[in-house]
Amino acid sequence: EEGIPVRVQKLDRQAFKTTLTYHATLSGIEESIAGAPVDEKVEQILVKVGDKVRKDQILFSFPEDSPSTKYYQVKTAFENAKRSYERIDNLYKAGGVSLQERDNIKASYERIRADWDAIRQTVKVKSPISGYVTSIFVSETDNVKKKSPLALISKTEKLKAVVWVTEEEITNIKKGIDATASWMDRLIRGRVIEIDLAMHPQRKAFRVIVEFDNHDLKMNPGITATISLVNYKNSNALIVERKSLVKEAGKYYAYISSENRARRVPVSLGNRQGLNVEILSGLN
């Protein structure tokens, strides 16, 4: 009415989504630690960080002459028991001894063989799973205690992250919703695979597990990434910037161009993301 110029924006429907953002550490979808079998010195490390290993591949060796393992004593006992069993078995097949006598020798041989298998595990540490060596915690000649961690093996074709979600946010998060993990200029995509039904008593939040595809190994486990969960999507939404709205007495209004004049109309709002607001009714 006073000749004040205004800027007019034509509204078009567009895709709109809202996200919840968290920060979390990425880890392999499956991880396992290879531990020291005895109190002893690490003799040899047979892998390095980044190596791809298969299950039961030997990663570390410990001295065979260590008094704590009795490696050579048990080896000698096993070899003697094996020869004795083979001799008795041949006699049994020739009818020289009874089945009972042969079975008694066999049982003794099986016990000693089990001891020998266990002793071999104490000097040759094997990979508990197939995957990549993501950390090695010791060096050669280090003296370690029994059960001390030696290396971390991770399956990194897929990564996972645990985020903690408030009770206000959890209602908008469903199993299977889209997610992304970003770090520096890298991004991988995934989805929510698990949601706790009960709130964690100490954290006062719900645990949500997110899984990401990482087949091209864009990201490494252990990094802290920005995790975004898409909690709402509308492919045909009317969106305006928050600054284009006026709030009075708890209600929102927008100004539309009608017959070359600005006319105020009430609007109802939907979801918000950043500076943008979804308009549910009141505008065309």
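Two residues are in contact when heavy atoms of theirs lie within 4.5 Å. The exercises below use this cut-off and refer to a predicted model.

**Exercise 1. Place Ile129 in the fold, and state whether Ile129 is buried or exposed.**

Solution.
- Step 1: Locate the residue. Ile129 sits in the loop that runs between β7 (124-126) and β8 (131-136).
- Step 2: Apply the accessibility cut-off. Buried means under 20% relative accessible area. Ile129 has a relative accessible area of 9%, so Ile129 is buried.
- Step 3: List the contacts, leaving out residues up to four places away in sequence. Ile129 touches Glu30, Glu31, Ser32, Val53, Arg54, Lys55, Ile153 and Lys155.
- Step 4: Relate Ile129 to Leu217. The two are 88 residues apart in sequence, and their C-alpha atoms are 18 Å apart in space.

**Exercise 2. Find which parts of the chain are linked by the salt bridges of Lys158, Asp196 and Arg264.**

Solution.
- Step 1: Recall the principle. Side chains of opposite charge can pair when their charged atoms come close.
- Step 2: Take Lys158. Its partner is Asp213, with 2.6 Å between the closest N and O atoms. This pair links distant parts of the chain, strand β10 (residues 149-165) and strand β13 (residues 206-213), 55 residues apart.
- Step 3: Check exposure for this pair. Lys158 is partly exposed at 26% relative accessible area, and Asp213 is partly exposed at 39%.
- Step 4: Take Asp196. A salt bridge joins Asp196 to Arg207, the closest N and O atoms being 3.3 Å apart. Because Asp196 lies in the loop between β12 (186-195) and β13 while Arg207 is in strand β13, the pair ties together parts 11 residues apart in sequence.
- Step 5: Take Arg264. Its bridge to Glu248 has closest N and O atoms 2.9 Å apart. Here strand β17 is linked to strand β15 (residues 246-248), and the two residues are 16 residues apart.
- Step 6: Set these pairs in context. The whole structure holds 14 salt bridges. Asp89, Lys93, Arg102 and Asp103 are linked in a network of salt bridges.

**Exercise 3. Describe the largest pocket and its lining.**

Solution.
- Step 1: Give the volume. The largest pocket contains about 970 Å³ of space.
- Step 2: Count the lining. There are 23 lining residues, and Arg7, Val8, Tyr255, Ile256 and Ser257 lie nearest the centre.
- Step 3: Assign the lining to strands. At least two residues each come from β14 (224-241), β16 (251-258) and β17 (261-273). The largest share, four residues, is supplied by β16.
- Step 4: Sort by chemistry. The lining divides into 12 nonpolar, six polar and five charged residues.

Note on methods: Residues are numbered from 1 along each chain as its sequence is written. This is a predicted model: local features need pLDDT of at least 70, side-chain atom pairs count only at pLDDT 80 or more; totals for chains, interfaces and linings use all residues. Side-chain values use heavy atoms; hydrogens and water are left out. Buried means under 20% relative accessible area, exposed over 50%, partly exposed in between (1.4 Å probe, protein chains only). On a 1 Å grid over the protein atoms alone, a cavity is a set of points where a 1.4 Å probe fits but cannot get out, and a pocket is an open set with protein on both sides within 12 Å along at least five of seven lines; lining residues have an atom within 4 Å of a point. Grid points are joined across faces, edges and corners, and a volume is the space filled by probe spheres set on the points. Ala, Val, Leu, Ile, Met, Phe, Trp, Tyr, Cys and Pro count as nonpolar, Asp, Glu, Lys and Arg as charged, and the others, Gly among them, as polar. A salt bridge is a side-chain nitrogen of Lys or Arg within 4 Å of a carboxyl oxygen of Asp or Glu.
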